[in-house]
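Reader: I should like to understand how the descriptive words used for a structure are justified. Could we go through them one at a time?

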Amino acid sequence: MKYFSTRGALTELSFEETVLAGLAPDGGLYIPASIPQLPANWQQAWANKTFPELSIEVLSLFISADEISRTDLAALVHATYNDSAWRHPDIAPLQPLNTDQPCSKYILELFHGPTYAFKDVALQLLGNLFSYFLQRRNKAKSPGEERETLTVVGATSGDTGSAAIYGLRGKPDVSIFILHPKGRVSPVQEAQMTTVTDENVHNLAVKGTFDDCQDIVKALFADTAFNAKHHLGAVNSINWARILAQTVYYFLSYFAIRRTLPTDADIQFIVPTGNFGDILAGYYAKRMGLPMAKLVIATNANDILTRFWKTGRYEKVDSGSSSAAVGGVVETLSPAMDILVSSNFERLLWYFAFEDVQNTNPGGNLREKACQTVKVWMDNVKSVGRIVVPDSVLELARRDFTAERVDDSQIRQTIREYYTSAQSYTADPHTAAFSRPHPTPSKSSSPLHTPAKFSEAVSSALDGVPGFDFDAVLPEAFKTLLTMERRVIEVERPDVELVKGVVERFAVKP
């Protein structure tokens with residue numbers, strides 16, 4: 001299996017090169033040269049497999065055995081998903097959200113990893129992949145030859161930072177620099193990152209938004225000389241390995257739900273969405289052959305994706321609004337979704353562009369045509385803040401997805417409804433974006449965060465509810481977190497040169 005950039009079809013990379021590179025030099029994102037189809041007997045052969053066993057099966061479809069042998073892949077997976085790192089034996093258990101028989105709505109719990117966030121599923125594996133490739137490369141070097149190092153840079157709206165840090169802390173030959181918007185992550189999320197004091201971990205609090213942080217990261221990767229000097233690696237979901245790892249829990253939840261359903265019932269996944277990586281993993285699972293109804297994109301007030309699915313306009317400022325359009329990111333109760341431009345949406349746009357050109361302009365190099373289309377679109381998003389796709393592309397988007405928006409009042413109401421229902425479930429504000437009824441499928445599933453990270457939102461939603469005690473959902477590890485020693489570097493403005501200076505000073509040397 002080879003990989004190429006969404007903006008440049010000619011150069012193909014191996015899986016190892018793709019993982020270590022993260023972002024393509026042309027600014028595009030790497031995607032597989034083809035999407036493998038599931039084996040003929042997958043429904044029977046995989047039905048009772050555990051999360052690690054399913055991971056081996058799914059990952060092996062995208063990773064050549066010549067790059068990582070089946071034995072080594074299994075060792076990597078079992079080193080990632082085990083009882084010492086995860087607090088639930090199923091890794092990603094399903095919880096019923098109502099008392100219907102059979103149950104009509106589930107929550108897919110993805111917060112049982114080291115940092116209590118769904119990002120752990122991918123970032124624990126990515127950290128081990130980085131180590132595996134670096135160790136293999138350095139082992140092959142001659143005595144006295146300079147060792148290879150990796151400087152990992154990432155931006156976070158909350159959970160990516162701590163999950164990446166926990167996946168890479170203390171690893172040899174790796175430095176990690178995480179940028180977060182100062183004052184725009186929850187206190188627990190900030191503490192999880194800044195209380196890790198390993199020498200190879202560096203937290204940068206940038207006075208700006210998540211999009212500012214993400215733009216700085218992209219600028220660092222686009223700087224050819226800087227990238228070559230520091231061997232930059234990506235932990236954001238621009239890194240293909242993160243998308244790949246996340247496809248697995250769609251299979252796990254499919255099998256778990258399917259056991260309770262009539263054979264003709266549909267399954268629908270509703271996904272709280274920010275940077276589009278989580279739901280994109282579901283799209284890849286669907287393209288591989290996993291049966292499901294339309295994927296539902298749940299957004300908050302930062303609703304660029306919902307507006308796209310309604311109008312075909314992907315724009316930072318809503319041109320259809322009668323109110324004064326000011327643009328920018330709106331702070332909400334669900335900060336991990338407070339994102340203006342969803343990076344991984346570019347990957348999906350490539351598939352739409354490819355299919356559209358296949359239908360409307362066949363002949364020649366279709367892959368190259370699709371890359372050229374995506375490059376024009378993304379250049380326009382950067383330069384003028386908007387694109388308008390043809391109706392034929394919008395029809396393709398609506399075939400596999402639908403999108404909905406909720407506001408903070410609806411999120412509070414949903415948290416309250418879940419808690420006071422017969423099944424009584426304490427939801428975090430991102431899970432509560434999964435609030436509107438979806439009557440067509442028989443089953444729904446939604447990823448989530450732990451409510452313990454969002455005390456203000458959960459407590460305000462459940463204020464006055466008899467029996468609610470926030471301490472009951474607060475893990476012991478969080479109770480001392482806010483009083484621990486911290487290490488953080490403040491960056492006074494979103495300036496790529498200021499961040500370069502920090503990296504130059506602290507990055508591990510070969």
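**Reasons behind the words**

Reader: What covers the buried residues of α15?

Author: The cover includes three strands, β1 (3-5), β2 (8-13) and β12 (313-315), and also α14 (345-360), β13 (386-388) and α16 (391-400). Please keep in mind throughout that this is a predicted model.

Reader: What makes the length of helix α15 agree with its number of residues?

Author: Helix α15 has 19 residues, 366-384, and at 1.5 Å a residue these should span 27 Å. The expected span is 1.5 Å times one less than the number of residues. The C-alpha atoms at the two ends of α15 are 27 Å apart, which agrees with the expectation.

Reader: Which residues of α15 are buried, and why are they said to line one face of the helix?

Author: The buried residues of α15 are L366, R367, A370, C371, V374, W377, M378 and V381. Viewed down the axis of α15, they fall within an arc of 130°, and therefore they line one face. An α-helix has 3.6 residues a turn, so residues three or four places apart point the same way. On the face of α15 turned away from the buried side are the exposed residues S383 and V384.

Reader: What makes N365 a cap of α15, and what is noted just after the helix?

Author: A side-chain oxygen of N365 lies 3.2 Å from the backbone nitrogen of R367, at the N-terminal end of α15. The limit for a polar contact is 3.5 Å, so this pair qualifies. Just after α15, G385 takes a positive phi of about 80°.

Reader: Why is R398 called partly exposed?

Author: Its relative accessible area is 36%. Buried means under 20% and exposed means over 50%, so R398 falls in between. R398 lies in helix α16 and touches K294, W309, K310 and T311, leaving aside residues up to four places away in sequence.

Reader: How do you know that R398 and K310 have a polar contact?

Author: A polar atom of the R398 side chain lies 2.8 Å from the backbone oxygen of K310. That distance is within 3.5 Å, and therefore the pair counts as a polar contact. The two residues are 88 residues apart along the chain, and their C-alpha atoms are separated by 9.0 Å.

Reader: Why does Q246 count as buried?

Author: Q246 has a relative accessibility of 1%, and the cut-off is under 20%, so the word applies. Q246 lies in helix α10 (residues 240-246). Apart from residues up to four places away in sequence, Q246 touches F118, A122, G277, D278 and A281.

Reader: Which strands form the open sheet, and in what order?

Author: Five strands form it, in the order β9-β6-β7-β8-β16, and the pairing is parallel. The edge strands are β9 (232-234) and β16 (489-491), each of which pairs on one side only. From one strand to the next, the twist averages 25°.

Reader: How do you know that β6 and β7 pair?

Author: Two strands pair if at least two bridges are found between them, and six join β6 (residues 150-155) to β7 (residues 174-181), so the condition is met. For V152, the bridge partner in β7 is I176. Helix α5 (residues 119-139) packs on the sheet, touching β6, β7 and β9, and its direction makes about 160° with that of β6. Helix α6 (residues 159-168) lies across β6, β7 and β8 (201-206), and runs at about 170° to β7.

Reader: Why is β7 described as largely enclosed?

Author: Eight of the eight residues of β7 are buried, so the rest of the structure largely encloses the strand. V174, I176, I178 and H180 point one way from β7, while S175, F177, L179 and P181 point the other way, and all are buried. In a regular strand the side chains alternate between the two faces of the sheet.

Reader: What is notable about phi in I91 and in Y116?

Author: I91 has a phi near 65°, which is positive although the residue is not glycine. Y116 likewise is not a glycine and has a positive phi of about 60°. I91 lies in the loop between α4 (70-80) and β4, and Y116 in the loop between β5 and α5. I91 is buried at 4% relative accessible area, and Y116 is buried at 13%.

Terms used:
Residues numbered from 1 in each chain as written. Predicted model: local features only at pLDDT ≥ 70, side-chain atom pairs only at ≥ 80, totals over all residues. Heavy atoms only, no water. Helix = DSSP H or I, 4+ residues; strand = E, 2+ residues; numbered from the N terminus. Buried < 20%, exposed > 50% of the residue type's maximum accessible area, 1.4 Å probe, protein only. Arc of directions from axis to C-beta. Contact = heavy atoms within 4.5 Å. Polar contact = N/O pair within 3.5 Å; in protein donor to acceptor, adjacent residues only side chain to side chain. Axes fitted to C-alpha atoms, helices over the stretch in contact; angles between N-to-C directions.
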